[in-house]
Amino acid sequence: MDQASPTHLPQQDTVAAQNRPLEAALARDYEHLGERLARDGLDIEMVARRLARLRLALPSWGTGTGGTRFARFPGEGEPASLSDRLEDCAVVNALTAATPAVSPHLPWDETEDYRAVREQAASLGLGFDAVNSNTFQDHPDHPGHRLSYKFGSLSHTDPAVREQAVAHNVACIRAGEQLGSRALTIWIGDGANFPGQSHLGRAFERYIDSVKQVAVALPPDWHIYLEHKMYEPAFYATVIQDWGSSLLAAQEVGPQARCLVDLGHHAPNVNIEMIVSRLVHAKKLAGFHFNDSKYGDDDLDAGAIDPHRLFLVFNELVDAEQDGRFDVEPAYMIDQSHNVTDPIESLIASAVEIQRACARALLVDRAQLAACQEANDAMMANQLLKRAFNTDVSPLLAVVRQRKGAAIEPLAAYRAIGYRAACARRRPRRRAGGGGIV
Ligand code: PSV
Ligand code: MN
């Protein structure tokens, strides 16, 4: 952590003290894993170096307790401001050394002085990833959002609403420029609840036209990430409901537009790793919103339900990277709603699970896999993936953290430090209430 960090944040000597009793056992476990990987022709140090480069962005909105449309049950010491949210993100990064960026959401994170926010973030060791725009709800007290988004935003039938939504997205780009961000993520809730309610073709064309107007405002080194989602809040038809719509739109908008894959935004059983492979092929993969789900857009912690699916996604990513098929490196962000856990704990656990999936994917013997695929040896091809997935890479993850001055056991360290209790003393208690972000 930077010297300027507030004293209630975990300091390096505190983390080092937490690590000390665990170091000897970790060294033995790491050596043992290294021997096991060497037998498979893998150099553990090379894997560790690649893993150390994995950089995840935290959702500013994920630091508070989320909610469903039924209720929200806030915890103690919740962040009350952007400054608090940045501090919480800094705690996750101090303990995991994997999350040095924050993805802000406007106008939720709107502020008068973005330069000051950028400075505070930098003093906490954080930068900014994609800025998210929000035209999926009304902001009645905001002068930039006088018109309602009840019937849509970028695809609205009324040109005045579309204009307002475009202006908001441009304002997000301008804010992002000051924060040092290089991308705008657009997710809209536009769609229809009834057959016949909206002209499916014209709504899509209006959306593309609006995004083209936003794209005009992009600095040359920026991207727009178009995020699709199958349903919710629209339950019959959503304008950008799938990767096909997203890809068509990105292709029409132009080279700066790409497709963002939120793992929770597909029909159950959809083969997401296949979507990843297709977007890589089209050179249109923007990146990810990581989370996990069982039924829909559940926004549960990454890897909590189906770590194997997360591994298969990373299997495609590692394959594409090793094959030199990325023209632009994908952006890795977390997008979750923490309803029953301490959000910081969920973010820590998720960051570790994403790293775990990446580490396992790095262990796949790609030459042997290619040979099995060429020979149509389905059984051995699958066994190769299983061998990587079944490897306990925990010591590898812990050593990567330890070498960066982070925690060997980040969740245990977080609890021992008592950060949340300190927040509860400093921050006002939030009222419980109905409906939150879903
Ligand atoms: C929509 O469900 C979404 O995944 C989008 O990324 C939003 O910006 C985010 O969740 C927060 O509501
Ligand atoms: Mn998302």
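## Contacts around Cys-259

Two residues are in contact if their C-beta atoms, placed from the backbone, lie within 7 Å. In this predicted model, and not counting residues up to four places away in sequence, Cys-259 touches Leu-226, Trp-243, Ser-246, Leu-247 and Ala-250. Leu-279, Lys-284, Leu-285 and Ala-286 are also touched by Cys-259.

## The nonpolar core

Cys-259 is one of the residues with the most contacts inside the largest nonpolar core, which has 119 residues. The others named with it are Leu-95, Val-211, Ile-224, Leu-226, Ala-361 and Leu-396. Helix H11, residues 343-362, supplies the largest share of this core, at eleven residues.

## Overall form

The protein has 16 helices and twelve strands. Its radius of gyration is 22 Å, and the globule rule gives a close value of 22 Å for 438 residues, so the protein is as compact as a globular protein of that length. Taken along the principal axes, the box filled by its C-alpha atoms is roughly 65 × 60 × 40 Å.

Of the 438 residues in the protein, 48% are buried. Among contacts with a separation of 6 or more, 79% join residues 24 or more positions apart.

## Helix H10

Helix H10 runs over residues 307-322 and has 16 residues. From its first C-alpha to its last, H10 reaches 22 Å, close to the 22 Å expected at 1.5 Å a residue. Just after H10 comes Gly-324, with a positive phi of about 65 degrees.

The buried residues of H10 are Leu-310, Phe-311, Leu-312, Val-313, Phe-314, Asn-315, Glu-316, Leu-317 and Val-318. Three helices pack against the buried residues of H10: H9 (272-281), H11 and H13 (378-389). Helix H11 is also the one that gives the largest share of the largest nonpolar core.

## Asp-84

Asp-84 lies in helix H4, which spans residues 82-96. Asp-84 has 17 C-beta neighbours inside 10 Å and therefore counts as partly exposed, since a residue needs 20 or more to be buried and 12 or fewer to be exposed.

Leaving aside neighbours within four places in sequence, the contacts of Asp-84 are Pro-79 and Arg-427. Arg-55 is 29 residues from Asp-84 along the chain, and the C-alpha atoms of the two are separated by 22 Å.

Terms used: Residues are numbered from 1 along each chain as its sequence is written. Chains are lettered from A and ligands numbered from 1 in the order in which they are written. This is a predicted model: local features need pLDDT of at least 70, side-chain atom pairs count only at pLDDT 80 or more; totals for chains, interfaces and linings use all residues. Helices (H or I, at least four residues) and strands (E, at least two) are DSSP runs, numbered from the N terminus. A nonpolar core is a set of buried Ala, Val, Leu, Ile, Met, Phe, Trp, Tyr and Cys residues joined through C-beta atoms within 7 Å. The radius of gyration is taken over C-alpha atoms; the globule rule is 2.2 Å times the number of residues to the power 0.38. The expected span of a helix is 1.5 Å times one less than its number of residues.
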